[in-house]
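Here are my notes on the model, in numbered points. I hope they help as you look through it.

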Amino acid sequence: MDIYQRYGPALMRKCTRMLGSVQDAEDIVQGLFVDLLRKGTTDVDLPYLYRASTNRCLNYLRDRRRRSRILETRSLTEDHRHRVDEPHVGRDLLDKLVDVLDGKSREILIYRFFDDMTQDEIADLTGYSRKTIGKKLGLIRQAVCELTNAEPSALQEGARP
Amino acid sequence: MTACQCTGAPVSWLALEQYRLGELPAGRQGEVERHLRECSECAAAADEIINDSIVLKPLPEIVPQPVVFRFPRRAKPVVAVVVPALAAVALAVVALSIFRTPETSVPAAAMSWKGGELAVSLVRERDGLVSHDPDGFLDGDRFRVEVTCPPGDRDVEVAVFQGDDVYFPLDPARLACGNGISVPGAMVLSGVDPAIVCVVVDDPPARSRLHRDGLSALPESAVCRVLTPLE
């Protein structure tokens, strides 16, 4: 089985969870595999592809023209399943957060709030230190709080260390 | 806020996908299996994956990478090399002192300006006003990229480095090179960090490499322009 057939569905689910649009997820996943295969890169595993697709989705969201189109079509899909003991970050809030967070924080936000990873899993995937991840999660929770006008203490209560 | 019903940490989506593919390390596979028996939330998430029937669109025909093209290096008289080099170093020092932020630094090696075989020009559009080669951007400004490159059909990639992020706002293009050729599409810049807009012709590194290694992954032939956020 080639890497597209093997890992494509997992990445489609991941990108759809982030973007809320199957069509956009399809474009990103296809683009990723086309670039990899064009370079002759086939020796990759799912964690690597997860990270690559996260960055592509974040870049996609940063393009405002696309973002407005995504927002128009978003109502057609439900928001993602929420399992972690963290404030729920829906796709609409994600749109706002990508504007105010730095690159590392954006990436950590996705792994924690959309992919439900623990801090250890994020550290394994990204190579960032636990200290950096903890610090960035603090900034993310603060930004979520500011954007939702929630009480910081309410958000902190739900936050797992 | 919806509380998780898990007794411990929920199994991440990545781990659930790896579990489905049988790609988790042996010990972890059993751990996830036990967790799924006890946690209805994670079991439902796993079922979602197992029952999801995604039909992938076939990939388009993959065009092999073009032959790597490097601009020829010409021998130049010492004065012709040293004076522009000193000027470039001075410019780079000034630019770095202005644009450096705690999280952003631009390696001088990756900076270059008009004068070589490849030149890059940025055209900014703001409220209907067009400026050529501006130094800065306001949130939401639109930019077009124009390149001057040796004649012939060439692949052009535009990468924007901002903060510790790199993104590719324009689709890779194959251009009939010449003077001041527009790269198709426009990009919008936003954010509080300086944006370094880099153009690579003919020898674009893999995007994954640019994500991993940042500016240091750019080839010597890349040309970058720095735009600073305006208040």
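1. A good place to start is the salt bridge that Asp165(B) forms with Arg106(A), whose closest N and O atoms are 2.7 Å apart. By salt bridge I mean a side-chain nitrogen of Lys or Arg within 4 Å of a carboxyl oxygen of Asp or Glu.

2. Before going on, please keep in mind that this is a predicted model, where local features need pLDDT of at least 70 and side-chain atom pairs count only at pLDDT 80 or more, while totals for chains, interfaces and linings use all residues. Residues are numbered from 1 along each chain as its sequence is written, chains are lettered from A and ligands numbered from 1 in the order in which they are written, and side-chain values use heavy atoms, with hydrogens and water left out.

3. Glu26(A) pairs with Lys57(B) in another salt bridge, with 3.6 Å between the closest N and O atoms. This pair crosses between chains: Glu26(A) sits in helix H2 (residues 22–38) of chain A, and Lys57(B) lies in the loop between helix H3 (40–51) and helix H4 (78–99) of chain B. Helices here are DSSP runs of H or I with at least four residues, numbered from the N terminus.

4. How many salt bridges are there between chain A and chain B? The count is seven, and a search of the whole structure finds 23 over all chains.

5. Chain A and chain B bury about 4700 Å² between them, with 51% of it on carbon and sulfur atoms. Buried area is the accessible area (1.4 Å probe) that two parts lose on being put together, summed over both. Arg13(A), Arg81(A) and Arg83(A) supply 17% of the area that chain A buries against chain B, more than any other three residues. The contact (heavy atoms within 4.5 Å) takes 54 residues from chain A and 55 residues from chain B.

6. Across the interface, the axes of helix H3 (residues 46–62) of chain A and helix H1 (residues 13–21) of chain B come within 11 Å and cross at roughly 140 degrees. Axes are lines fitted to C-alpha atoms, for helices over the stretch in contact, and angles run from 0 to 180 degrees between N-to-C directions. On the H3(A) side, the contact is made by Leu46(A), Pro47(A) and Tyr50(A); H1(B) brings Trp13(B), Leu14(B), Glu17(B), Gln18(B) and Leu21(B).

7. Within chain A, the axes of helix H7 (residues 119–126) and helix H8 (residues 130–148) come within 9 Å and cross at roughly 120 degrees. Among the residues making this contact are Ile122(A) of H7(A) and Leu137(A) of H8(A).

Key. Helix = DSSP H or I, 4+ residues; strand = E, 2+ residues; numbered from the N terminus.
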